[in-house]
Amino acid sequence: MDPNYDPQKIEAKWQARWEQMKLFEADIDPARKKYYVLEMLPYPSGDIHMGHVRNYSIGDALARYMWMKGYNVLHPIGWDAFGLPAENAAIKNQRHPAEFTFSYIERMRGQLKRLGFSYDWRREIATCVPEYYRWNQWFFLKMYERGLAYRKKSRVNWCSLCQTVLANEQVVDGCCWRHEDTPVIQRELEQWFLKITAYTDRLLEDSQYLVRWPERVLTMQQNWIGKSFGTLVDYELLGLGEKLRIFTTRVDTIFGCTAVFVAPEHPIVERLIAASPNPAKLRAEAERIKASAVRARVGVDLEKLGVDTGFKAVNPYNGEAVPVWLANFVLMEYGTGAVMAVPAHDQRDFEFCTTYGLPIRTVIVPSNSGGAELTPPSEGAGGGAPKEAFIEYGRLINSGPYAGLSSEQAIERMTRDAEAQGFGKGSVQYRIKDWGVSRQRYWGTPIPIIYCETCGIVPVPEKDLPVILPRDVKLTGQGESPLANVPEFVATICPTCGGPARRETDTMDTFVDSSWYFYRYTDPKISTAPVNRQAVGYWFPVDQYIGGIEHAILHLIYMRFFSKVMQDIGLVDFPEPVARLFTQGMVIKDNVKMSKSKGNVVDPTEMCAKYGADTVRLYMLFAAPPEKDLDWSDAGIEGASRFLNKVYRLVAKHADKLCPVGVWKNSGDAGTAELSAEERRLLRKTHQTLHHVTSDMEGRWHFNTDIAMAMELVNELSDLDSAAEAGKIRPEVHKSAIEDLILILSLFSPHIADELREALGHSETTQQVAWPEYDPVLSAEDELELPVQVNGKLRGRIRVAVGAGEEEIRSRAQAEEKVAQHLNGRQVVKIIIVPQKLVNIVVK
């Protein structure tokens, strides 16, 4: 065995051997338990970064553990290969997006292989090839057949830099999710939508199956779906003879309504402008409000703007006419696009009405307040203006016949009265809207629709799929879809009447690609269907999915939606595709996110060249708990490198002696009785470490503490090195401890682990070995350390045998040197012993 650790040589050797052995290839085997571990697939727009390394190191540790536990493990990888970065790079560098994408796939594949991740590369997919995206088109057609894909004119989110439409989920703080400083604007376009709203209740109800998902993710999804129970109320617009319908979840506060707020895109706005005494002025004001709407609506700390239209609307509950305002924070997409302003009981309304001088009228007080017409606690002692809104449920005041009711009672009765009198009704509303999938870009899946002057909208026949994305396209990043400028693509024949027709030139949102890719891994070569039902039946659900929290309301909702559609189509027979989800933290440096502009990017390739992949992977799992952000430290990776060097030297020193001997096996009481004190000490630490790591791999995943325990075991082996050389630790016991250490290490640094195992005389890789069982007898401590208190204050510590009696503990506690000083000349009243916890001596 080479006495010097050479990670480059060792890692190249074992990666070649693993590939030759086809070690990570998994096939259906009904006789074996399966385990499907999956990390979110990367976008091939650049080099692998440290966030990828962390994500994939977590998944790889789990995959290796499950293999050693006897599972048939599916661990695939692929490429989310369509999308804007490739197209933008093509425009900038005059390079075709396909060339850009496939060159980076080749590059990133090499980087992943250099890191030694245990992927079944036979199952590799790329979403930009026709063999894959034809099934995107197939899904679209199936949804179209079921009324789940439809076209309509709609106001959409538009990124001027991307020159394309963004889904609501892709607008972050009013800006494009890819360009954080580019404000999103509103445009009206004909768009294709997928009817995700048809599945809102199932998305909510089926959360009951996601018991192993982070509560934070489920809460984010529930908030995004935004199911609200409320009341629709019709206000009469004076002077127009029309009704303006508002939606509210708090009809109990409607006697406190002092204005009605309308979204600037609401259809009624045009009629208000036409009826206004100064139409040009009101139109200009409406456009100003509209321009400011996008960022104000997503809750960023921006000024809430509004304008009084000069019109009034009548509250049907009390007959009061209140002003109608246009407001930039009212969503046309939520409810009806119009809301009542109740500033005393809604904080946003309170701030707006305070700014614009609108009245504030209290109609709810705390339920436990006395009297009939009290002011809420937010008002001054003299009954002055409130300092903030009182937003809780309470008791109604100043509310006509409903005064004195609780909020719950009032909501029920007032909704019932609205229905009886014909000016409203109960309603359920959702924040989530249908998924706009049209994109005015080139590098995506062509939408399989044909437009015929005679037949109208005609779906492409399934037999004609895929609609191939043409290669010869001029990309400018400006204006309409690039495909519109490719006559040979646009011009086609109507499959219904045979007449001239034109193709849809928008492409699909790339989140369509990633909404079902994990099914394709189970049989990536199947050509007769998007998925192989038999393979899906064996491998699903995904037992563990790993990715970033940023995908909670993008990919993870779309993924669940697609699976429910697939269930309805008959492709799968379960409602949810992922049993357990884990969201890892980011990798940062100097307390900020890594980015080229900040000059704080750490290149995994450079780190592998300097330290080796095993060191990089070990550090990524050691530096922080996986759910927390990891702040990169150059000193930290140096420490990980020193540790692996120490392990290597330790094994190299003893390899020749230990190679020919067997491994000690515990034969029960007789076996443990013959152990020397040094052997007991070594095996105790070994099995305590095994117990800790096993428990963590089955549950909480605190890899950082697992590695810390392994480091402690290495220190114990080093401390007992002289005892081993002196014969106080038999070679077979010594080898047992070292081999268990190697198997633990294989989860995090597999190359060096296989090298060290081979040096000890084994031909199998660590992955082919059964995970060692910890022995509770061997891991048990012989002694306990007990803190000793005097009158409740810690004064010393003693070590006693685990089975020591109370008399011995009392005697040892009083005799302890520091404790004795506090007992000198004082009377011991009693001694309290909390078993295996502490001793408290009470004196006076």
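1. I begin with a single pair in this predicted model: Val-790 stands opposite Lys-793, a residue of strand β32. Val-790 closes strand β31, which covers residues 783–790, while Lys-793 opens β32, which covers residues 793–801. The two strands pair in the antiparallel sense, and 8 bridges are found between them.

2. The turn of this hairpin deserves a look at the backbone, since 2 residues lie between β31 and β32, and Asn-791 there adopts a positive phi near 50°.

3. Strand β31 has a further partner in β34, which comprises residues 838–843; here the strands run parallel and are joined by 3 bridges. Within this pairing, Val-788 stands opposite Val-839 of β34. Strand β31 is thus described by an antiparallel pairing with β32 and by a parallel pairing with β34.

4. Turning to the second largest pocket, I note a volume of about 780 Å³ and a lining of 30 residues, of which Thr-249, Tyr-334, Val-339, Asp-346 and Arg-348 lie nearest the centre of the pocket. By residue class, the lining divides into 10 nonpolar, 11 polar and 9 charged residues.

5. The elements that each contribute at least two residues to the lining of this pocket are the strands β11 (242–248) and β15 (338–341), together with the helices α10 (293–297) and α11 (347–356). A caution applies on this side of the model, as pLDDT stays under 50 over residues 296–300, and helix α10 is assigned to residues 293–297.

6. As for confidence overall, the protein averages a pLDDT of 92, and 96% of the residues score at least 70. Two stretches should nevertheless be flagged: residues 296–300, where pLDDT stays under 50 and the model has 18 contacts beyond four places in sequence, and residues 371–383, where pLDDT likewise stays under 50 and the model has 26 such contacts. Where pLDDT is low, the predicted coordinates should not be read in detail. I would therefore ask that such contacts not be interpreted individually where pLDDT is low.

7. On the scale of the whole protein, the model contains 28 helices and 34 strands, and the C-alpha trace spans about 105 × 85 × 50 Å along its principal axes. Of the 844 residues, 56% are buried. Among contacts with a separation of 6 or more, 73% are accounted for by residues 24 or more positions apart.

Note on methods. Residues are numbered from 1 along each chain as its sequence is written. This is a predicted model: local features need pLDDT of at least 70, side-chain atom pairs count only at pLDDT 80 or more; totals for chains, interfaces and linings use all residues. Side-chain values use heavy atoms; hydrogens and water are left out. Two strands pair if DSSP finds at least two bridges between them. Helices (H or I, at least four residues) and strands (E, at least two) are DSSP runs, numbered from the N terminus. pLDDT is the predictor's confidence in each residue, from 0 to 100. Contact means heavy atoms within 4.5 Å. On a 1 Å grid over the protein atoms alone, a cavity is a set of points where a 1.4 Å probe fits but cannot get out, and a pocket is an open set with protein on both sides within 12 Å along at least five of seven lines; lining residues have an atom within 4 Å of a point. Grid points are joined across faces, edges and corners, and a volume is the space filled by probe spheres set on the points. Ala, Val, Leu, Ile, Met, Phe, Trp, Tyr, Cys and Pro count as nonpolar, Asp, Glu, Lys and Arg as charged, and the others, Gly among them, as polar. Buried means under 20% relative accessible area, exposed over 50%, partly exposed in between (1.4 Å probe, protein chains only).
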